[in-house]
Amino acid sequence: EDLNGYFIQRLAGESRYETNIEILKEAGVNATDEILIATGKNYADSLSASATGLPMLLVDKNLTDSQKAFLQNTSRKFVILGGTGAVSAEVEAELNRIGTAIRVRGSNRYLTSVLIANRYFSGAQAAVLAYAQNFPDGLSGGPLAYALGAPLLLVNSGTEDLAADYAAEQEIAAGIILGGTNSISNETANRVFGN
C-alpha cells in the first residue's frame, strides 16, 4: 500500500531489549517516574504491571551496556517485578549500583499480580481480570485497565482466591473480564467479584 503523506518511523534494535529501549526513548520517559523492571522471557508480571502506565524495562540475566546507559538518565528508582527466577539477583545488584531497587514478588504470578495491585491501585473502584496462562487478552486489556485506573489481575480456575481477597478488601464495585468463558469461567469471575 502507498504510505505517501504519512510519517513512518521504525523503532527497532538488535534484540527485544534494544527495541524496548528505543520505545522508552520515543515515549519520553519522565525523569520522575519509577522504572518497572520485568523479565523479557515471560509475560505474567509485565501484564499485571501494564495497567500502571509506568515505563517498563525488559531484562535478561544481566543488564546490557545500553540498558545501563539508559537507566543513568532516569529517576534511578527501580521496581523489580517478580522473584529472582524472573529477574536475577545480578540484575538487582546492577540496578542498586545505578540507583535504588526494590522488589515486588509473590510466590507465583497470581500473588505477584495482587501485590502489584496493592502497590499501585489503592482505592481502585474496578478491576480487570485476565487469563493467567496466556498473554493476548491481558496484553490487549492493559491499556483499558490503565484508562480505568484499575488493576489487571491474573486469574485461572482454582487460583482466584487472591484476586477475590483483593476485590473484597478494596470493595471493588465494577469488573471487566477479558476473554470468553474458556479462558475465565463465569464461576471464577463470580468468585472474584463476590456474586
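Begin by selecting S88 in this predicted model, where, leaving out residues up to four places away in sequence, S88 touches K61 and R103. S88 lies in the loop between β3 (77-81) and α4 (89-98), and its relative accessible area of 10% falls under the 20% limit, so S88 counts as buried. Now show the backbone of K61 as well: its oxygen lies 2.8 Å from a polar atom of the S88 side chain.

Next, select Y43 and F135 and display their rings, which form the one aromatic pair counted here. The ring centres are 5.8 Å apart and the planes stand at 55 degrees, so the pair is tilted. Y43 is in the loop between β1 (35-39) and α2, whereas F135 is in the loop between β5 and α6 (136-148), so the pair ties together parts that are 92 residues apart in sequence. If you colour by accessibility, F135 should appear as partly exposed, with a relative accessible area of 40%.

From F135, move on to α6, the helix on the other side of that loop. Its 13 residues reach 19 Å from the first C-alpha to the last, which is close to the 18 Å expected at 1.5 Å a residue. Look along the axis for a kink of about 35 degrees at G142, shortly before the proline P143. G142 is also one of the buried residues of α6, together with G138, G141 and A145, and the buried residues of this helix pack against α2, β5 and β6. Just after the helix comes G149, whose phi is positive, near 65 degrees.

Then turn to the largest nonpolar core, which has 28 residues, and select L152, L153, L154 and Y166, the members that touch the most others. At least two residues of this core come from each of α2 (44-50), α5 (109-120), β5 (126-131), β6 (152-155) and α7 (161-170), and the largest share, five residues, is supplied by β5.

Which residues is Y166 in contact with, once its neighbours within four places in sequence are left aside? Selecting the surroundings of Y166 with that exclusion gives V114, A117, N118, F121, A124, P151, L153 and I172; of these, L153 is itself among the core members that touch the most others.

For the last stop, select L57, V59, F70 and V87, which are among the 16 residues of a second, separate core.

Notes. Residues are numbered from 1 along each chain as its sequence is written. This is a predicted model: local features need pLDDT of at least 70, side-chain atom pairs count only at pLDDT 80 or more; totals for chains, interfaces and linings use all residues. Side-chain values use heavy atoms; hydrogens and water are left out. A nonpolar core is a set of buried Ala, Val, Leu, Ile, Met, Phe, Trp, Tyr and Cys residues joined through side-chain atoms within 4.5 Å. Buried means under 20% relative accessible area, exposed over 50%, partly exposed in between (1.4 Å probe, protein chains only). Helices (H or I, at least four residues) and strands (E, at least two) are DSSP runs, numbered from the N terminus. Contact means heavy atoms within 4.5 Å. Rings of Phe, Tyr and Trp (its six-membered ring) pair if their centres lie within 6.5 Å; planes under 30 degrees apart count as stacked, over 60 as edge-to-face and the rest as tilted. A polar contact is a pair of N or O atoms within 3.5 Å; within protein, one must be able to donate a hydrogen and the other to accept it, and residues adjacent in sequence count only if both atoms are side-chain atoms. The expected span of a helix is 1.5 Å times one less than its number of residues. The bend at a residue is the angle between axes fitted to the seven residues ending there and the seven starting there.
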